[in-house]
Amino acid sequence: MTKNPPFIPKISWQQELAEAFTTIDALCAFLELDPKNLPISKQAAKQFALKVPKSFAENMHKNDPNDPLLLQVLPIHDETLAYPGFNDDPVGDLMATRENHILHKYQGRVLMINTGTCAINCRYCFRRNFPYADYQLGRQKQNRAIDYIANDPSISEVILSGGDPLLLSDSRLAELIEQLNAIEHLTRIRIHSRIPIVLPSRVTDELIKTLDTARPSVTIVMHCNHANEISHAVETASRKLKLAGIMLFNQAVLLKNINDDADQLCRLSETLFRNGIVPYYLHCLDMATGTGHFEVSDEKTLSLYETMQKRLPGYLVPKLVREVAGAPYKKPIEASERVL
Ligand SMILES: *Cc1c(COP(=O)(O)O)cnc(C)c1O
Ligand code: SF4
């Protein structure tokens, strides 16, 4: 773990969120890029707004149109192209979730949608096609979701997801945890969040205290795709969570021109581990409309994965998986399936 002195955020996370870049021009000005030289699409930005916290933009290289972090957030023309096989609900979530904000696809685990929004808008995300407004979890809907979990003793784990569940205020989180604490058969709370990476100032002492009120064990699965995302502030946030006894994992999405490179994938695993975060999943892209240009071919995927397996200790190799609609778990993809 890092031995640097802790990073102290200058402004509150709420203020930082309010000041996030929301226009192409402002982001380009900050990065010293001329928007005219970029394949920017206003139409793409209209479909799914640009949103980038400054602390994330600070990890991008200035004046580099191919920066791997910039490519994750910049609305470009390719998003408006149709790619075969890409649609609005690639893993069948949209239809399954409207009613009580619970997605019960896998045995023993349910995913609870707490909010429709995130601190950042990632262009590759399947959520880009979601009807956001439907996904704000009001108290009544929250109570219905809690009842669903309470009434099914086979559920031992609840996954807080979204959107980003850490956008909930501490008091909303505290209420939710209190409700979950009362469900005896629940032994694990898992939080899937990109916030420790993109808005590390959210990891306040207050948040730690709130999470510490949970009776079930608390695990956080971060969503980090590239080692450049792990700034000093991210290291400090991870260390705080770790010291609070929270298990930390990471899941990444394999993305063309962003992290489809063996050196970068190995560097990501090593950087995560140095910060107490275990690589959990490397996801193949969900085939959502507007994301076709991020797809990495199966052949390249397998060859990258094989290189990772050769170079890294087994515990630093994330499981390579693809989500298949209707499958009972995330389908592992094995290098051995290929004729070597
Ligand atoms: C990914 C996912 C889970 C968690 O799966 P794990 O393999 O346990 O990480 C649970 N529910 C839903 C709906 C999911 O999409
Ligand atoms: S759900 Fe995750 S990948 Fe999608 S926009 Fe939010 S933070 Fe990005």
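Which space is the largest pocket? I began there, and the largest pocket is the space taken by ligand 2. For my own reference, the search runs on a 1 Å grid over the protein atoms alone; a pocket is an open set of points with protein on both sides within 12 Å along at least five of seven lines, whereas a cavity is a set where a 1.4 Å probe fits but cannot get out, and lining residues have an atom within 4 Å of a point. A molecule sits in one of these if more than half of its atoms lie within 2 Å of its grid points.

Ground rules before going on. This is a predicted model, where local features need pLDDT of at least 70 and side-chain atom pairs count only at pLDDT 80 or more, while totals for chains, interfaces and linings use all residues. I number residues from 1 along each chain as its sequence is written, letter chains from A and number ligands from 1 in the order in which they are written, and use heavy atoms for side-chain values, leaving out hydrogens and water.

**Entry: around ligand 2**

I listed the neighbours of ligand 2: Cys118, Ile120, Cys122, Tyr124, Cys125, Arg127 and Arg194. To be near, a residue needs a heavy atom within 4 Å. I then sorted this shell and got five nonpolar, no polar and two charged residues. Here Ala, Val, Leu, Ile, Met, Phe, Trp, Tyr, Cys and Pro count as nonpolar, Asp, Glu, Lys and Arg as charged, and the others, Gly among them, as polar.

**Entry: the sheet**

Next I traced the strands and found an open sheet of nine, in the order β1-β2-β3-β4-β5-β6-β7-β8-β9, with mixed pairing. β1 (102-106) and β9 (331-332) stand at the edges with a single partner strand each, so one side of each has no neighbour in the sheet. Helices (H or I, at least four residues) and strands (E, at least two) are DSSP runs numbered from the N terminus, and two strands pair if DSSP finds at least two bridges between them.

**Entry: β6 and its partners**

Is β6 mostly buried or exposed? Five of the seven residues of β6 (residues 247-253) are buried, so the strand is largely enclosed by the rest of the structure. Buried means under 20% relative accessible area, exposed over 50%, and partly exposed in between (1.4 Å probe, protein chains only).

On one side, β5 (residues 217-223) pairs with β6 in the parallel sense over five bridges. I checked Ile220, whose bridge partner in β6 is Leu248, and Met222, which stands opposite Asn250. Five bridges also join β6 to β7 (residues 278-283), again running parallel; there Phe249 has Val278 as its partner. Gln251 of β6 pairs with Tyr281 in β7, and Gln251 is buried at a relative accessible area of 13%.

I followed the chain onward too: β6, helix α11 (residues 262-274) and β7 make a right-handed β-α-β unit. Right-handed means that, with the strands pointing away from the viewer, the path from the first strand over the helix to the second runs clockwise.

**Entry: backbone oddities**

Where is the cis peptide bond? It joins Gly162 and Gly163, with omega about 10°. Gly163 is in the loop between β3 (157-161) and α7 (170-181).

Glu32 is not a glycine, yet has a positive phi of about 55°; Glu32 is exposed, with a relative accessible area of 53%.
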